[in-house]
Amino acid sequence: QVQLVESGGGLVQPGGSLRLSCASSGSDLSMYEWAWYRQAPGKQRELVATILRSTGGTYYADFVKGRFTISMDNAKTTIYLEMNSLQPDDTAVYYCWTQSRDFAYWGQGAQVTVSS
């Protein structure tokens, strides 16, 4: 079993930056892929970025490419999402996710609000 705990959400002005963290704990250490998703009010959850645990290879959705960066710590148990040049359309609840050998796990969500 794995527990994912997110932190770093908050209120930021347009053009500002935030860094989200997602720390994992538990007995299942077979995770091989990490991702960040987001869901705005009234919209479906959408994929933001992914990272492969084995290689560090990344994928970004077009709407964040060049602005957001996904990364891992050295132990590959915590992932981050560095968000720059934030705009009101980025306002959403951001969820981290990981796929292990047998299960997928979700974080509790972190609210990101971009507003003047």
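1. Two strands count as a pair if DSSP finds at least two bridges between them, and that rule is worth keeping in mind while reading this note on a predicted model. With it in hand, one can see that β9 and β10 form a hairpin, with four residues lying between the two strands. Their pairing is antiparallel and extends over three bridges; within it, Thr98 has Tyr105 of β10 as its bridge partner.

2. The hairpin is one part of the picture around β9, since this strand also pairs with strand β4 (residues 33–39), to which it runs antiparallel and is joined by seven bridges. Here Trp34 has Thr98 in β9 as its bridge partner, and Thr98 is also the residue whose partner in β10 is Tyr105. A further antiparallel pairing, over three bridges, links β9 with strand β11 (residues 110–114), where Val93 is matched with Gln111 of β11.

3. How much of β9 is covered? Seven of the eight residues in this strand are buried, so that the strand may be described as mostly covered.

4. Turning from strands to charged side chains, a search of the whole structure finds six salt bridges. As background, side chains of opposite charge can pair when their charged atoms come close. One of the salt bridges found here joins Arg38 to Glu46, with the closest N and O atoms 2.9 Å apart. The two partners differ in their surroundings: Arg38 is buried, with a relative accessible area of 6%, whereas Glu46 is partly exposed, with a relative accessible area of 30%.

5. Another salt bridge is formed between Lys65 and Asp62, whose closest N and O atoms are 3.3 Å apart. Are these two residues buried or exposed? Lys65 is exposed, and Asp62 is exposed as well.

6. A salt bridge also brings together the side chains of Asp90 and Arg67, at 2.8 Å from N to O. Asp90 lies in the loop between β8 (78–83) and β9 (92–99), while Arg67 lies in the loop between β6 (58–60) and β7 (68–72), and the pair therefore ties together parts that are 23 residues apart in sequence. Asp90 is buried, and Arg67 is buried too.

7. Finally, which residues are linked in a network of salt bridges? The network links Arg38, Glu46, Arg67 and Asp90, and a student tracing it in the model can begin with the bridge between Arg38 and Glu46 and then look for the one between Asp90 and Arg67.

Technical notes
Residues numbered from 1 in each chain as written. Predicted model: local features only at pLDDT ≥ 70, side-chain atom pairs only at ≥ 80, totals over all residues. Heavy atoms only, no water. Salt bridge = Lys/Arg side-chain N within 4 Å of Asp/Glu carboxyl O. Buried < 20%, exposed > 50% of the residue type's maximum accessible area, 1.4 Å probe, protein only.
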